[in-house]
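Have your viewer ready and your selection tool at hand. We will go from one group of residues to the next, with a short stop at each.

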Amino acid sequence: YSCTEALQIAPELDYATFYHYRIINRSNQYYMNTIAAVFSDVDAGFYNNDYVGCDTIAMIGYVYNWNGFDPVYQYTPPVSSYQILKGPLADGGDFVDNDKDGFTDEPGEETIFNTFMNYHNNLSIFNGNVTNPSIAAHYYEYMNARWKNGALVRADSMGYLQTTTVQAVKHIFPGDPFNNTGWTEYTRNNKYGDRRMVIGNGPFTFAPGESRELEYCIHTTFTNCTNG
């Protein structure tokens, strides 16, 4: 942004980029349960010492340094945030609050920030079911906030638990690492690593000839995200 007046009001725009996608179904196929997702391998400085989290109200997924010190940025490692600004139109009559505004099936309702998921680089020591996707089914599982083997995300530890007694969730690590509250990687003292993240927007029906739009912002904040 080169507009001085805008930057005086919102200086954070100087550290933001914006993205707009139009996805067109040029086939003769009706696609059911379609999800438009943002996949990203975000490195907050050094690639192998990161955590991830999300803010379900602001519709942001973010990556931050695990302990407040980074070999590249020293004591001011960046927080890289992906905010969904516009999601694909939802199916009418599905009786789902797709945009989490307290209403269902209102005109122009969008599917927006419906899931948030992370996975780990294969270079790590993590279970193979939580690492890089290699086939189409793996990608679709991650878009739906499930692990590669279809296991649900459970709201404790790193989210991969072989139990049905812990609540299943659609958004991983929605707590507040700065204030050390809720379920975060920081509060659980997870093993840090090379994190990747997926933001899912859907599902929706994608008919032949239709188009859907997706907009998001990537914002960088140079501040320490943890109390560590």
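Start by selecting Y82, I84, F113 and W147: in this predicted model, they touch the most other members of the largest nonpolar core, which has 36 residues. Now colour the elements that supply at least two residues each to this core: strand 2 (31-40), strand 3 (50-55), strand 5 (78-86), strand 6 (115-120), helix 2 (136-143), strand 9 (195-206) and strand 10 (211-222). Which strand gives the most to this core? Select strand 9, which contributes 5 residues.

As a general backdrop, nonpolar side chains in soluble globular proteins tend to be buried together.

Next, centre on Y82 and show its surroundings. Leaving aside neighbours within four places in sequence, Y82 is in contact with V38, S40 and V42, with M59, I60 and G61, with M197 and I199, and with Y216, C217 and I218. Keep I60 on screen, then add Y51, Y64 and V79: these four belong to a second, separate core of 5 residues.

Switch to a cartoon view for the sheet. Here 5 strands make an open sheet, ordered 1-10-5-4-3, with antiparallel pairing. To find the edges, pick strand 1 (16-24) and strand 3, each of which pairs on one side only. Looking across the sheet, you will find a twist that averages 20° from one strand to the next.

For a last stop, zoom in on strand 4 (residues 60-65) and strand 5, which pair in the antiparallel sense over 4 bridges. Which residue of strand 5 stands opposite V63? Select S80 to see this partner.

How values were computed
Residues are numbered from 1 along each chain as its sequence is written. This is a predicted model: local features need pLDDT of at least 70, side-chain atom pairs count only at pLDDT 80 or more; totals for chains, interfaces and linings use all residues. Side-chain values use heavy atoms; hydrogens and water are left out. A nonpolar core is a set of buried Ala, Val, Leu, Ile, Met, Phe, Trp, Tyr and Cys residues joined through side-chain atoms within 4.5 Å. Buried means under 20% relative accessible area, exposed over 50%, partly exposed in between (1.4 Å probe, protein chains only). Contact means heavy atoms within 4.5 Å. Two strands pair if DSSP finds at least two bridges between them. Axes are lines fitted to C-alpha atoms, for helices over the stretch in contact, and angles run from 0 to 180 degrees between N-to-C directions.
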